[in-house]
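Q: Please take a close look at one part of this model. I am new to it and would like a connected account.

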Amino acid sequence: MTAFESLKAKVGKFSLANKKLLVPEMGRTVSHLVGATMRSFGVDAQVMETYKGLQLGKQYTSGKECFPCQVTLGDVLYHLEREKERLGEAFRAENYLYFMAESGGPCRFGMYNKLHRIVMDSMDGFSKTRITSITAEDSYSLGGLMGPEVRTHFRRSAYVGLVIGDVLDRMLWRTRPYEQEAGIAEGYLEKALSVMCQEMETHGRKKRFHRILSTLEQVVKKARNLIDPSIPPKPLIGMVGEIYLRSHRQSNQDLIKLLESHGGEVVNASIAEWINYVSYENMLKAKREVVFALKERDLKSLRRHFRNWLKNRTELAYQYFRMDQIYRRVRKHLPIHEDHRISTLERQLDNDRLFSFKIGTEAGLSIGGALEYCLHGYDGIVNVFPFTCMPSTMCSAILKPILDRMNVPYIDAAYDGTYQPNLEAIIRTFMYQATQHQQNRLSQSA
Ligand code: SF4
């Protein structure tokens with residue numbers, strides 16, 4: 001089989017039934033909760049250990065790839081090698097399906113699974129492991145992966161799991177900077193994650209969301225006790241950037257913890273933001289197509305695009321409904337930072353003067369998100385991305401002069417797996433500026 005035939009035959013939408021699904025870990029909480037939701041639907045999903053195989057990822061790439069591509073490649077190779085060692089003669093590569101989503105547009109993310117395919121084909125024993133994929137282009141449609149009777153149902157339960165993951169992360173970021181004893185907030189998060197995964201696995205398929213959210217409320221309520229109320233509010237840092245790098249703490253060398261160790265409280269953009277953005281963007285695209293079909297008086301296209309618009313509109317409305325419901329219930333017990341609407345971020349782009357969603361990529365979200373943080377009085381902004389990431393570099397070029405004029409401290413944090421010797425000094429200076437910003441802000445509001 002040639003490389004092109006292999007790409008066609010072994011990368012695509014394959015049924016998840018009777019396979020062990022290997023899921024890469026991005027944000028720890030979200031990956032495990034979505035994995036648990038998959039298991040509740042009968043999928044044998046396993047979140048792979050991450051970052052242990054980085055050397056393998058680097059060994060089979062040239063160094064010109066995006067860093068997440070190397071990390072995720074390392075994760076799957078490491079996992080399959082361990083499985084081979086564990087099972088010996090009984091190892092069957094065809095029993096596994098490797099899950100790697102993709103997107104279109106200028107981001108090379110759409111190419112990761114192709115490169116991973118080529119590497120896996122070149123290795124002894126892994127060429128029979130197929131790569132199953134979903135794409136942002138069709139709003140992550142699950143056609144081909146699951147039966148039509150459960151697709152919408154699964155998608156919605158997975159979204160709930162994902163928002164719960166965001167909420168647990170926000171619980172950690174809200175409590176860890178003020179914890180009574182070093183390490184208790186992280187320890188509590190691990191226990192909370194395990195409780196919530198159990199809930200999703202048991203009740204996700206049955207859509208017992210009230211039961212799941214009641215447990216979440218109890219979990220968050222107890223987290224209040226981790227906080228030492230005598231610690232004054234710390235400078236608030238907003239994080240934006242490329243979704244993998246800002247969510248995968250090994251790849252960003254635990255940047256949130258580093259900022260906290262220098263006196264900050266950090267809020268990272270959520271993972272739900274990206275899913276909401278995909279629905280929002282596809283809805284806008286369909287709307288443009290409806291207008292075009294109307295002008296052309298093409299009734300057949302008009303019907304198709306209108307149906308597509310309605311589908312994305314309904315999905316987005318459902319997502320916001322669940323997101324609001326979850327945050328409302330949790331914020332009764334602990335004031336975690338709320339998530340925003342995508343249209344709010346788009347408004348920050350000043351009628352496309354700063355950037356346009358029509359260009360695509362995460363740059364629009366990062367620029368809009370950073371300006372939204374500023375509007376809410378944040379004391380500093382960090383933009384996190386893989387070294388050489390094009391959308392994040394555009395974002396940096398646009399944000400730097402604006403934030404400079406607004407006197408809001410800003411830094412770029414680019415990662416490629418190496419260690420910057422001066423990172424600590426950069427963070428220290430940034431946090432000093434953020435502390436001054438906070439003092440000015442408080443004195444002005446006093
Ligand atoms: S560097 Fe940025 S734009 Fe390029 S593939 Fe990676 S995430 Fe996408």
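A: What follows is a walk through one sheet, the helices on it, and one residue beside it. The model is predicted.

Start with the sheet. It is open and has 5 strands, in the order S1-S5-S4-S2-S3, with parallel pairing. Strands of a sheet pair through backbone hydrogen bonds, either parallel or antiparallel. The edges are S1 (11-12) and S3, and each of these pairs on one side only.

Look at the S1 edge. S1 pairs with S5 (residues 130-132) in the parallel sense, over 2 bridges. Gly12 has Thr132 of S5 as its bridge partner.

Now add the helices. H4 (residues 67-87) packs on the sheet. H4 touches S2 (20-23), S3 and S4 (96-99). The direction of H4 makes about 165° with that of S4. H5 (residues 109-122) lies across S1, S4 and S5. H5 runs at about 165° to S5.

Go next to the S3 edge. Met48 sits in the loop between S3 (44-47) and helix H3 (54-59). Its relative accessibility is 0%, so Met48 counts as buried; the cut-off is under 20%. What does Met48 touch, leaving out residues up to four places away in sequence? Its contacts are Leu22, Val23, Pro24, Glu25, Asp75, Val76, His79 and Tyr98.

Those names tie back to the elements above. Leu22 and Val23 fall within S2 (20-23). Asp75, Val76 and His79 fall within H4 (residues 67-87). Tyr98 falls within S4 (96-99).

One distance closes the tour. Met48 and Ala272 are 224 residues apart along the chain, and their C-alpha atoms are separated by 21 Å.

Notes:
Residues are numbered from 1 along each chain as its sequence is written. This is a predicted model: local features need pLDDT of at least 70, side-chain atom pairs count only at pLDDT 80 or more; totals for chains, interfaces and linings use all residues. Side-chain values use heavy atoms; hydrogens and water are left out. Helices (H or I, at least four residues) and strands (E, at least two) are DSSP runs, numbered from the N terminus. Buried means under 20% relative accessible area, exposed over 50%, partly exposed in between (1.4 Å probe, protein chains only). Contact means heavy atoms within 4.5 Å. Two strands pair if DSSP finds at least two bridges between them. Axes are lines fitted to C-alpha atoms, for helices over the stretch in contact, and angles run from 0 to 180 degrees between N-to-C directions.
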